[in-house]
Amino acid sequence: MKLLKTLAAVAALSAGVASAQNIEFTVHAAPGGPSDTVTRIITKAVDDKNLVVTNRPGAGGRIAMQQVMKGNSIILATMSQIFVTNPLLAGDKLEYDPAKDLELVGLVASMPNVLVCNRSKNINTVADLDRVNDLTFGFAGYGSSEHLATEVLFKKLKTTHRLVPYSRGGSAAVQDMVGGTIDCMFANFPTVRGWTGDKHLTFVMSSHELGLGIPTWRDAFREDFPFQSYLGLVVARQMDEATKQSLVKNLTTAFKSPEFVSDLKNAGVFPTVGTDAKSIERGLKNNKILNDFIVK
């Protein structure tokens, strides 16, 4: 009996070690995108070899969330997609219930959006969008922050243009815009920051002040941009509590590093770093703002 208890204890310990060594940092987008870049900045700051980054793009983040729901993954999620638009778009077919199955354990950054157009279209101001007819707007998938920003713009201008979703992400849309396949797009700034000053593109407007010398949403419409495109850290509620607490502790420590914050800024995002209750509340409040905007 004593031997059986000993073996059981060893087995339990081994299972715990295996669990600690196999925590996946899931990315719901293709390599090179903002979520991927920021995820790798986080793993560098945490410096935990047990965190392994794996890209699982597709289906608006639903493929990645299937992995997260297994309880052995953490994901840096574009919160608008994971918490708001996927449930509204998929309804009962969604593989998870955000309120019951997911837990937001931290905020990392807010991604500003930038309106960019192919220079050949001669669109230099927001008003020019009413002058030019039948434009083609690309965006990084239905329900993405870029898609929502485009819909907000159309609503403000009381106009519409053709929409082309890119399941391959915003970077693919930018490449097509440079080549003239699409005309314009609202892009997350990290996706297009390397194209500032390029002869093929015109930066027309930004959702927030970026120091690019272009008008902001407030300049154009005399109001703040209606939502933040937050990147939040999410786990399944069924994740082992000890594993979750260990992750949050390591993240909290890493987030205090000035180098970490500097790396986020260099990536083109606004740091909103925090694992505290106030940060969680801010992220959840933004989700409600997004939901109300879409539903209304």
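This tour visits a sheet, the helices on it and some aromatic rings in a predicted model.

**The sheet.** Begin by selecting the five strands that form an open sheet, which follow the order E7-E6-E8-E5-E9 with mixed pairing. At the edges are strand E7 (162–165) and strand E9 (201–206), each paired on one side only. On average, neighbouring strands are turned by 25 degrees against each other, direction ignored. As background, strands of a sheet pair through backbone hydrogen bonds, either parallel or antiparallel.

**Strands E6 and E7.** Next, select strand E6 (residues 136–139), which pairs with E7 in the parallel sense over four bridges. Within E6 and E7, Gly 138 stands opposite Val 164.

**The helices.** Now display helix H7 (residues 145–157), which packs on the sheet and touches E5, E6, E7, E8 and E9. The direction of H7 makes about 130 degrees with that of E8. Then add helix H8 (residues 170–179), which lies across E5, E8 and E9 and runs at about 145 degrees to E8.

**The aromatic rings.** The structure holds six aromatic pairs. Select Phe 137 and Phe 154: because their planes stand at 85 degrees, with the centres 5.1 Å apart, this pair is edge-to-face. Phe 137 belongs to strand E6 and Phe 154 to helix H7, 17 residues apart. Phe 137 counts as buried at 0% relative accessibility, and Phe 154 counts as buried at 5%.

Finally, move to helix H10 (residues 217–221), where Trp 217 and Phe 221 lie four residues apart, about one turn of the helix. Their rings form a tilted pair, 4.6 Å centre to centre with 55 degrees between the planes. Both Trp 217 and Phe 221 are buried. Add Phe 225 and Phe 227 to see the cluster that ring pairs form with Trp 217 and Phe 221.

Note on methods:
Residues are numbered from 1 along each chain as its sequence is written. This is a predicted model: local features need pLDDT of at least 70, side-chain atom pairs count only at pLDDT 80 or more; totals for chains, interfaces and linings use all residues. Side-chain values use heavy atoms; hydrogens and water are left out. Two strands pair if DSSP finds at least two bridges between them. Helices (H or I, at least four residues) and strands (E, at least two) are DSSP runs, numbered from the N terminus. Axes are lines fitted to C-alpha atoms, for helices over the stretch in contact, and angles run from 0 to 180 degrees between N-to-C directions. Contact means heavy atoms within 4.5 Å. Rings of Phe, Tyr and Trp (its six-membered ring) pair if their centres lie within 6.5 Å; planes under 30 degrees apart count as stacked, over 60 as edge-to-face and the rest as tilted. Buried means under 20% relative accessible area, exposed over 50%, partly exposed in between (1.4 Å probe, protein chains only).
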